[in-house]
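Student: Before we discuss this protein, could we look at the chain together and then reason through a few points about it?

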Amino acid sequence: MDIFSVTVLGSGAALPTANRNLSGQLVVIANQYLLIDCGEGTQIQLRKNKISIQRIDHVFISHLHGDHFYGLIGLLSTMHLLGRTKPIHIYAHEGLKKTIEVQLEVSYSKLSYQLNFHNLKNESGVVLVENKHFCVESIKLKHSIPCSGFLIREVEKPRNILKEAIEKYNIPVKDRAGIKKGEDFQTSAGTVIKNEEITRDPAKIRSFAYCSDTAYSERILENIAGVNLLYHEATFMEDKKARAKETYHSTAAQAAEIAKKAEVAQLLLGHFSARYKKMDLFLNEAKAVFENVRLAEDGIEYIIE
Ligand SMILES: [Zn+2]
Ligand SMILES: [Zn+2]
């Protein structure tokens, strides 16, 4: 089974600290690299974690608050300096294209590769990338400006035909595609062999959802139901619940409530306000609501299984 993982490049909110960079995550799926958010310093985090930046072909920017995209022009520029020729796809809300183009223009820069901008709509369920291995869909979040989360899900795989069954029943190649889809097999003598006798289940579909930045929003439950890993922002704790509401952010307990209601397998909290020093309090607050929770740390790769 291919690795499906998320490396957290930045788990801090608004301003960087000595231990936490601004938002950025590298998702590896089906041997492809996807970057979600690109706060200032993201390219340094990529380098520190020995991640090849030229392998990134898709960049998803959740929203246009600076802590989620101020690192993009630097990253794009480095890709150019390293001689990139492969095009890159950037998914963001309206305005990013203009910003990047102005920065390139005033610095008299012409990139050695093509930028393909895709405007995000402020709605859920829009398919942004789809191939035979995985798909990426938007999730409408509740923030002070248009903001999208992302659901990355593997595509359902065909059933596996047992080697022994192929030999035993002499299954012709022409019948195998149907069997992989779940059809029974009929021998030349007319005997019907049930599909479950000659196949085994494919590997389970794995999924990851990124929800940052957002206030508590039950609207997202249907999009993230049952995911293997949910990254949900927890800028504050319950002591600042009113502040969280005012600024369209969540508390650790609220993120845990969403995880519980969506019945996800594991919750990863991040986007922590720099005001907090005792991080185990975040964990305790969330754990009181939802047991399987971890705090995001910069430079850690979380495996989705
Ligand atoms: Zn933010
Ligand atoms: Zn924001």
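The questions and answers below concern a predicted model.

Student: How far apart do the C-alpha centres of domain 1 and domain 2 lie?

Tutor: The chain is divided into domain 1, made of 5–157 + 203–303, and domain 2, which covers 160–200. Taking the C-alpha centres of these two domains, the separation is 43 Å.

Student: Is Arg55 buried, exposed or partly exposed?

Tutor: Arg55 sits in the loop between α1 (42–48) and β4 (56–60), and in space its C-alpha is 6.0 Å from that of Tyr33, although the two are 22 residues apart in sequence. A residue is called buried at 20 or more other C-beta atoms within 10 Å and exposed at 12 or fewer. Because Arg55 has 13 other C-beta atoms within 10 Å, Arg55 is partly exposed.

Student: And is Gly66 buried or exposed?

Tutor: Gly66 is placed in the loop between β4 and α2 (72–81), and its C-alpha is 59 Å from that of Ile171, with their positions 105 residues apart in sequence. The cut-off for this class is 12 or fewer other C-beta atoms within 10 Å. Gly66 has 12 C-beta neighbours inside 10 Å, and therefore counts as exposed.

Student: Which helix gives the most to the largest nonpolar core?

Tutor: The largest nonpolar core has 69 residues, and Leu230 is one of those with the most contacts inside it. With 7 residues, the helix that gives the most to this core is α9 (residues 252–262).

Student: Which residue, touched by Leu230, is also among those with the most contacts inside the core, along with Leu267?

Tutor: Leaving out residues up to four places away in sequence, Leu230 touches residues including Cys211, Ile224, Leu267 and Ala209. Among those with the most contacts inside the core are Leu267 and Ala209. The residue asked for is Ala209.

How values were computed:
Residues numbered from 1 in each chain as written. Chains lettered and ligands numbered in written order. Predicted model: local features only at pLDDT ≥ 70, side-chain atom pairs only at ≥ 80, totals over all residues. Helix = DSSP H or I, 4+ residues; strand = E, 2+ residues; numbered from the N terminus. Domains from an automatic or database assignment. Core = buried A, V, L, I, M, F, W, Y, C linked by C-beta atoms within 7 Å. Contact = placed C-beta atoms within 7 Å.
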